[in-house]
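Let's walk through this one together, a stop at a time. Have the viewer open and follow along.

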Amino acid sequence: MSPAEANAGGPPVGPSGLPLPETGLSRALDGIVRKIGEWSSWIWTILMLLIVIQVLQRYVIGLGSIQMEEIQWHLYAIGFMLGLGLTEMRERHVRIDVLAEQYPLRVRLWIEMIGIVVFLLPFCIFVIWWSVPYVVESWQAGEISAAPGGLPYRYLLKGVITVAFALLAMTGVSRLSRVWAALRLPSQSTRA
């Protein structure tokens, strides 16, 4: 079922099969994550063009460039990291619902809530907590690429880790508010 489909006139149902009503908080947070995720999807087009240019440069003209190679892996890392939140919001991450799909809807909602509170949000907080000093140390040292002729400003790339996990945490909080709203619905409207 697509996210736009409704559960018998109820809340939208995503690929997980959970009907989750939107909340004011989820609309606000999802809007931010969606805009950044959709904007960052242009990185893949830029990356593809740079790869084509580098291949032509290397095999037609005979010139190689360390900076071009580093730009490519930097863009790949940035695109991948900034897409984490949008991918989670659209329920496109791998989910293991083999057992959970057999449970009643309310049990599945509780499993979802526990997964967000016990695993997703603490992991995001852990990564953010440890990435901030990592970025600050890189910035204070003026870290550059170790490769001769490589790119400067390595801290900008490392800073994407913090931003990406903040976006993923925002998606987790948004989903948590939606799961909480679904659990508060009368039991007849949350039956599987």
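Which helix gives the largest share of the lining of the largest cavity? That would be α5, with 4 residues. Before going further, some ground rules: this is a predicted model, where local features need pLDDT of at least 70, side-chain atom pairs count only at pLDDT 80 or more, and totals for chains, interfaces and linings use all residues. Residues are numbered from 1 along each chain as its sequence is written, and side-chain values use heavy atoms, with hydrogens and water left out. Helices here are DSSP runs (H or I, at least four residues), numbered from the N terminus.

Back to that cavity. Rolling a probe the size of a water molecule over the atoms shows where empty space is left. The search runs on a 1 Å grid over the protein atoms alone: a cavity is a set of points where a 1.4 Å probe fits but cannot get out, while a pocket is an open set with protein on both sides within 12 Å along at least five of seven lines, and lining residues have an atom within 4 Å of a point. Grid points are joined across faces, edges and corners, and the volume is the space filled by probe spheres set on them. The count comes to 1 cavity of 30 Å³ or more, and the largest holds about 50 Å³. Its lining is made up of Asp30, Glu88, Met89, Thr171, Ser174, Arg175 and Arg178, with α3 and α5 each supplying at least two residues. By class, that lining has 1 nonpolar, 2 polar and 4 charged residues (Ala, Val, Leu, Ile, Met, Phe, Trp, Tyr, Cys and Pro count as nonpolar, Asp, Glu, Lys and Arg as charged, and the others, Gly among them, as polar).

Now look along α5 itself, residues 154–184. At 1.5 Å a residue (times one less than the number of residues), its 31 residues should span 45 Å, and its end C-alpha atoms are 46 Å apart, which agrees. Because 22 of those 31 residues are buried, α5 is largely enclosed by the rest of the structure; buried means under 20% relative accessible area with a 1.4 Å probe, protein chains only. Gly159 lies in this helix and is buried at 19%. Its C-alpha is 9.8 Å from that of Ile78, although the two are 81 residues apart in sequence.

Next, find Met68 in α3 (residues 66–89) and Gln54 in α2 (residues 42–61). Both are buried: Met68 has 14% relative accessibility and Gln54 has 7%. Leaving out residues up to four places away in sequence, Met68 touches Leu50, Ile53, Gln54 and Gln57, where contact means heavy atoms within 4.5 Å. On the same terms, Gln54 touches Ser65, Met68, Glu69 and Gln72. The side chains of Gln54 and Gln72 also share a polar contact of 2.4 Å. That term covers a pair of N or O atoms within 3.5 Å; within protein, one must be able to donate a hydrogen and the other to accept it, and residues adjacent in sequence count only if both atoms are side-chain atoms.

Finally, the loops and the open space. Glu91, in the loop between α3 and α4, has a positive phi of about 55° although it is not a glycine. The largest pocket has a volume of about 540 Å³ and 18 lining residues, with Val94, Arg95, Asp97, Glu112 and Gly115 nearest its centre.

Technical notes: Buried means under 20% relative accessible area, exposed over 50%, partly exposed in between (1.4 Å probe, protein chains only).
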